[in-house]
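Thanks for making time this morning. I would like to walk through one part of a model with you, so please bring it up on your screens while I talk.

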Amino acid sequence: MMRSVSFVDRLEFEFAGNHSSHGLCLGDVDGDGLNELVVGSVDGVLAIFKEIKNTKPWRKCSDLGMITSVAVGDILNKKKNLVIVSTTEGLCHIFDFHQNQTNSGKGSSEEGSKTGTGIRPIHSQYLSLNVKTLLVDCIDPGGAVDVFVGHTDRAVGAYRWDSDTHSLVALTERLPLNGQVGSLSVGVVPGRSGGCGQLLVSQAGGTCIPLVYSSSHTPRDGNGTKTGNRNETETGAEAGAELPSNGWMVELTYQKGSVDGIIGVVQRRNPIVGTEIVGNITPAPQSIDHSSSSSSSSGNQVGRKGDGTGLCGTLTALCTLDGSIKLLKDENKQWELQVDHSIFSLHCLDTTGCGGDEIVGCAWDGMTYIVDQKRNVVKFNFGENVCAFSAGKYGCEGRDVPCLVYTTFHGQIFIYRNVTLPSIPSTNMLQSLKTNVSSMSNV
């Protein structure tokens, strides 16, 4: 049974121009411990919204090109978050919003400079054309943060900041894939501890490809070009060692154990429908079986004790434009949910305060589904067509609160803050009263 909920506590911001579905994200861009909202438009405008004091951007930059994706992360590997922006022209811009002073000039709007909101990038360079989505995260056992790029021409690449050249250098040649890249996420290599990560690339038909680093032991010359012959490779995740630093190539390779490198191909129904992915979903505490026996074989049971690793299963969610949402644990499908809307954006967020994440998916018409890890569902109707959606934490009144972010085709951004639910499944009032009376009698 699927019930409807209503959220009314919302903020409204002004932002003219449309943007892609990956042109919106939440993150702490200035190091104050609170998340800001980052938005990039197809008109080349980047805007940062901070707290609730003003409906207009806190920082703004224009003339950046047609922005396709924005991301926040420790790009320089200096324990400081920066903002990275990609464009269809292949340009990549990096912004540092820890700087208090604003900058006028090239890359900064005159209006922004006059109002004190204008800022220009600290670094710009050409990466490659056809960039669709960006991800700043870590799959390196050594802890280095990299920039992963998904292209519209069915390829992915990885870049790392080089402090010697003060630029992003390619860690690998672009890896061609069989299907269109939907989105990027990261997860833990199943059955392994010690920070071994994998890059998850969603593929058409509700599938994904896990990619891991492997060192090819191929030296580079001074320009970063490979020299010599490649020797036998060793997967970094399997070796458990740090990957080579500057002067060596690192390759993205298919994680062993999947069918032709693709997870979920057996359950694939429509091989051409677009797919989105979110990994590293925090397991719900109540779904973890701490006993030594195997957990129930029910399709709704998603957590159990790891096999000798002390880790719970790695949870990943996929959604497709034909309305399918599925949950994977250790690359095995746990359940699948079919809804009546085309889900184009997928995120995870703890909306119940239980310590585990729920899966949040949004359709083009604003219908939003919140699904827990036992396949219980509630839906929220935003009531308007949206061009981008995000779910996460946003800084309000001195603390980060769970929120849903919608951007419309009419230059408006709505943030529903304090998105909390007592529970996802429906509750019986009589049973709740009995529980409350029982708990009071035990006091």
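Let us start at Phe389, and keep in mind that this is a predicted model. Leaving aside residues up to four places away in sequence, Phe389 touches Leu24, Phe344, Ser345, His347, Val360, Cys362 and Thr368, and it also touches Leu404, Val405 and Tyr406. Phe389 belongs to the largest nonpolar core, a group of 20 residues, and it is listed there with Phe7, Phe380, Leu404, Tyr406 and Tyr416 as the residues that touch the most other members. The elements that contribute two or more residues to this core are β25, residues 343-349, β26, residues 358-363, and β28, residues 377-381, together with β29, β30 and β31, the last of these spanning 412-417. Which element gives the most to this core? That is β29, with three residues.

Now to Ser390, which sits in that strand, β29, residues 386-396. Is Ser390 buried or exposed? Its relative accessibility is 4%, and the cut-off for buried is under 20%, so Ser390 counts as buried. Again not counting residues up to four places away in sequence, the contacts of Ser390 are Leu24, Cys25, Leu26 and His347 on the one hand, and Cys403, Leu404 and Val405 on the other.

Turning to the pairing of the strand itself, β29 runs antiparallel to β30, residues 399-408, and ten bridges join the two. Within this pairing, Ala388 stands opposite Thr407 of β30. If we widen the view, we find an open sheet of four strands, in the order β2-β31-β30-β29, with antiparallel pairing. The edges are taken by β2, residues 10-14, and by β29, and each of these has a single partner strand, so that one side of each is left without a neighbour in the sheet. Averaged over the sheet and with direction ignored, neighbouring strands are turned by 25° against each other.

Finally, a separate place in the chain that I would like you to look at is Thr207, which lies in strand β18, residues 207-219. Thr207 is buried as well, since its relative accessible area is 0%. The side chain of Thr207 reaches the backbone oxygen of Ala204 at 3.3 Å. Along the chain, Thr207 and Leu318 are 111 residues apart, and yet their C-alpha atoms are separated by 7.5 Å in the model.

Technical notes. Residues are numbered from 1 along each chain as its sequence is written. This is a predicted model: local features need pLDDT of at least 70, side-chain atom pairs count only at pLDDT 80 or more; totals for chains, interfaces and linings use all residues. Side-chain values use heavy atoms; hydrogens and water are left out. Buried means under 20% relative accessible area, exposed over 50%, partly exposed in between (1.4 Å probe, protein chains only). Contact means heavy atoms within 4.5 Å. A polar contact is a pair of N or O atoms within 3.5 Å; within protein, one must be able to donate a hydrogen and the other to accept it, and residues adjacent in sequence count only if both atoms are side-chain atoms. Two strands pair if DSSP finds at least two bridges between them. Axes are lines fitted to C-alpha atoms, for helices over the stretch in contact, and angles run from 0 to 180 degrees between N-to-C directions. A nonpolar core is a set of buried Ala, Val, Leu, Ile, Met, Phe, Trp, Tyr and Cys residues joined through side-chain atoms within 4.5 Å.
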